Amino acid sequence: MADKLLTIEHLKKSYGDNLILKDFNLTVNRGEVVVIIGPSGCGKSTLLRCINGLEEIQGGEIKLYGEKIDRNKKNIAEIRQKIGMVFQSYELFPHKTVLQNIILAPIKVQKRSKSDVIKEAEYLLEKVGLSDKRDVYPRQLSGGQKQRVAIVRALCMHPEIMLFDEVTAALDPEMVREVLDTILELAKQGRTMIVVTHEMSFARAVSDRVLFLDKGEIIEEDIPERIFDNPKTERARRFFNTFEYDAVKNHTDTLNRKV
Amino acid sequence: MQALGIDVLLKGNNFIRLIDGLCTALRISLVSVIFSIVFGIVFGIVMTYKNTVISVVSRVYLEIVRIMPQMVLLFIVFFGTTRMFGLNLDAELASIIVFTFWGTAEMGDLVRGAVSNIPKHQYESSYALGLNKAQTYFYIVIPQTLRRLIPLSINLVTRMIKTTSLVMMIGVVEALKVTQQIIEANRMTAPNAAFGLYLTVFILYFLACWPISLLASYLEKKWSA
Ligand SMILES: Nc1ncnc2c1ncn2[C@@H]1O[C@H](COP(=O)(O)OP(=O)(O)O)[C@@H](O)[C@H]1O
Ligand SMILES: [Mg+2]
């Protein structure tokens, strides 16, 4: 039987009168990589933020290994340690060096031994090719480097599940690859992840399951081969088409701008 | 030598008196800055609360400080309190009160700016790592606030030191006042000493403020994110 890591049941989330997630259900098994795709504003970020207890929810339940995630409960900080989140805008702490960014939470929150944590941080930095950036400040890094540090920072907490929210959306095209490769590597290690992305070929490569979301609802859900090559719903088909057209167009735009 | 008034400066304890005067000015600014930082932090944090009464009162306070010349404030506090309440305020104390009144407003505004400038995402990425509220403030928010604040408050110190030249108007014997006294006393023997003496005051002020200014821009550069 599959090992249910995260279960979301009848989740309801609204901002004022604006209902974003109506009756959202999702189960993520241990070791599974779920990719979420959908038009901008359909509630992808909101969903991830709810999973991490960053948002007040109006109904339903989110559970991590049976433990309820409730931002108003005392144990929320403890649960969040098991959930690694990487934001589109990196959100490294500007007043701390790369190493200090990574080791802060393991040392201060998990009370792990400083020398062990540093050793692990150095190991992880090496794996993402950033050993030489150990002691620099975030402002001295490129976007792609910042994002890899943010990923290492989350990993160093030994999370059960990782959430990625359009982590390459703010990057220059030539830096997207290095970040995606890092995430792909994590998938190979068998980590559990929920990945929100607009990079279709990456989604295909990394995912076990793809959800197509529109207006806060799962319109279609399938293995990547089927959903991309043969979407069942008209909405998904339209979205993928538009998307490819836009991607081509954007790409040409960037090329034109460079000339 | 004589034309520049150096001999006048070296006569008797004139130079010591001048330094003494400068020390008075520095003391007034330093004490006022310390009070301003303490009150300013409280005032600034209070201003980040979204409360109409608080925001109206603080707006009025900030506007008063911005509009009123410091000289007027000095006169109000020093002469006004004597008339109104029969208090006989020491001139130096009156200066400290006025400077603190002014400094608290400026510091408060800086603190409010620094705290509310920390993006919401900084809090969230800290929470996402499992830090609780207190840890987030202690490790993330306050250090970043202080970094933004320190260079700015150092600037306030230098501006205060400069502005202490006004307090002689209410009888505080600071550097400029001492200079005037020395010039008066030597009017017959060295009528041209004024230029040299004022030049000396200029150099002393410069020596007091310049390192502070340098420190501020150094920190600003070092911490600009
Ligand atoms: N803090 C907020 N307050 C009010 N509305 C919000 C807030 N955050 C997001 N929304 C709204 O919720 C909807 C979903 O947003 P989001 O989850 O960010 O979409 P996505 O990540 O899929 O692009 C959008 O219509 C957005 O305007
Ligand atoms: Mg989003």
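Modeller: Ala, Val, Leu, Ile, Met, Phe, Trp, Tyr, Cys and Pro count as nonpolar, Asp, Glu, Lys and Arg as charged, and the others, Gly among them, as polar. On that scheme the shell around ligand 1 splits into 3 nonpolar, 5 polar and 1 charged. Mind that this is a predicted model, where local features need pLDDT of at least 70 and side-chain atom pairs need 80 or more, while totals for chains, interfaces and linings use all residues. Residues are numbered from 1 along each chain as its sequence is written, chains are lettered from A and ligands numbered from 1 in the order written, and side-chain values use heavy atoms, without hydrogens and water.

Colleague: What makes a residue part of the set around ligand 1?

Modeller: One of its heavy atoms has to lie within 4 Å of the ligand. Those that pass are Tyr15(A), Ile20(A), Ser40(A), Gly41(A), Cys42(A), Gly43(A), Lys44(A), Ser45(A) and Thr46(A). Helix H1 of chain A (residues 44–51) gives the most, 3 residues; a helix here is a DSSP run of H or I, at least four residues, and a strand a run of E, at least two.

Colleague: Why is Gly41(A) with ligand 1 called a polar contact?

Modeller: The term needs a pair of N or O atoms within 3.5 Å (within protein, one must be able to donate a hydrogen and the other to accept it, and sequence neighbours count only if both atoms are side-chain atoms). A polar backbone atom of Gly41(A) is 2.6 Å from a ligand oxygen, so it passes the cut-off. Lys44(A) offers a polar backbone atom at 2.8 Å from an oxygen of ligand 1, and the Tyr15(A) side chain has an N or O atom 3.4 Å from a ligand nitrogen.

Colleague: How do you know that Arg49(A) and Glu124(B) form a salt bridge?

Modeller: A Lys or Arg side-chain nitrogen must be within 4 Å of an Asp or Glu carboxyl oxygen. Their N to O distance is 2.7 Å, so the pair qualifies. The count between chain B and chain A is 1. Glu55(A) and Lys13(A) pass too, at 3.4 Å. That pair joins the loop between H1 and strand S4 (59–64) to strand S1 (residues 4–15), 42 residues apart.

Colleague: What makes the A and B chains partners in contact?

Modeller: Contact means heavy atoms within 4.5 Å, and 21 residues of chain B meet it with 24 of chain A. Together they bury about 2000 Å², 62% of it on carbon and sulfur atoms; buried area is the accessible area (1.4 Å probe) lost on joining, summed over both parts.

Key:
Buried area = accessible area lost by both parts, 1.4 Å probe.
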